[in-house]
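Colleague: Might I request a close look at a single part of this model, followed by a connected account of what surrounds it?

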Amino acid sequence: MPISTSLEAAYNEQINLEMASSYAYLQMAAFLDEENLPGMSSWMRMQAEEERVHALKFFDFVLEREGHVELTSIASPGLSLSTALSAFEASLGHERKVTAAINDLYALATDERDFASYPLLNWFVEEQIEEESTVGLIVEQLKMIGDDRTALLMLDRELGARQPSAEGE
Ligand SMILES: [Fe+2]
Ligand SMILES: [Fe+2]
C-alpha cells in the first residue's frame, strides 16, 4: 500500500533530521580535532556517517512505499562547543531529540494503522536506546575525568578504537 501523505511528510522531515544530525556530528568532529583529541574526533566522524545511513534508511523506505522524497535545506548545527564534555553533552541532547521524533513517527504510524512502518521504526527504537546509552556513558565518564588530562587522553584513545559499522548501528 502506498504511504499516506502525512506519513510521507513526516518521513521526509526525519530524513532532514538525520542529515542535520550528521552535520552536527561533523561539526563536533571538527571541534574535537581542533582540541587535539583525534580519537574523539574520529568517533564523531563515524557517528556522522552513521546518521547519513539512518537518513538513507528513511529515504529508501519512502521510495519503496511509492512515496516522494523532497530534500530540504539542512540547518546549521549552531553549536557553541568549549570542551569535550560540551560536545558529548550536545550529542546526548541531540539524540534525545531524535528519540522523541522517532516516537512521534511511531505514534503517527499507529494512528494510521500503517503497520508496514513497524519493522523500520522498531529498528530505530532499539538504535536510539543504544545511542543514548553509549553517549550517556561517555558524558558520565567525562564528568568523572574532570580536568585530569591523562584520563582524558586515555578516553580519547579508547574512543579512537571504534570501528565503523555497515548497518548504521
Ligand atoms: Fe540517527
Ligand atoms: Fe544518532
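**A loop residue and the helices beyond it**

Modeller: Glu66 is exposed, because just 10 other C-beta atoms lie within 10 Å of its own (20 or more would make a residue buried, 12 or fewer make it exposed, and counts in between make it partly exposed, with C-beta atoms placed from the backbone). This is a predicted model, in which local features need pLDDT of at least 70 and side-chain atom pairs count only at pLDDT 80 or more, while totals for chains, interfaces and linings use all residues. Residues are numbered from 1 along each chain as its sequence is written, and chains are lettered from A and ligands numbered from 1 in the order in which they are written.

Glu66 sits in the loop between α2 (38-64) and α3 (84-111); helices are DSSP runs of H or I with at least four residues, numbered from the N terminus. Although Glu66 is not a glycine, its phi is positive, at about 65 degrees. Arg113, likewise not a glycine, has a positive phi of about 50 degrees. Arg113 belongs to the loop between α3 and α4 (118-145), and it is exposed, since 8 other C-beta atoms lie within 10 Å.

Between these two loops runs α3. The axes of α3 and α1 (residues 5-34) come within 11 Å and cross at roughly 170 degrees (axes are lines fitted to C-alpha atoms over the stretch in contact, and angles run from 0 to 180 degrees between N-to-C directions). The two helices are therefore roughly antiparallel, a term for angles over 145 degrees. Residues making the contact include Met28, Phe31 and Leu32 of α1 and Ala84, Ala87 and Leu105 of α3; contact requires C-beta atoms, placed from the backbone, within 7 Å. By class, this contact has 15 nonpolar, five polar and no charged residues (Ala, Val, Leu, Ile, Met, Phe, Trp, Tyr, Cys and Pro are nonpolar, Asp, Glu, Lys and Arg charged, and the others polar, Gly among them).

The largest nonpolar core holds 39 residues, of which Met28, Leu32 and Ala84 touch the most other members; such a core joins buried Ala, Val, Leu, Ile, Met, Phe, Trp, Tyr and Cys residues through C-beta atoms within 7 Å. Helices α1, α2, α3, α4 and α5 each supply at least two residues, and α1 gives the most, with 13. Setting aside neighbours within four places in sequence, Leu32 is in contact with Leu37, Met40, Ser41, Met44, Ala84 and Ala87.

Note on methods:
Parallel < 35°, antiparallel > 145°, perpendicular 65-115°, else oblique. Contact = placed C-beta atoms within 7 Å.
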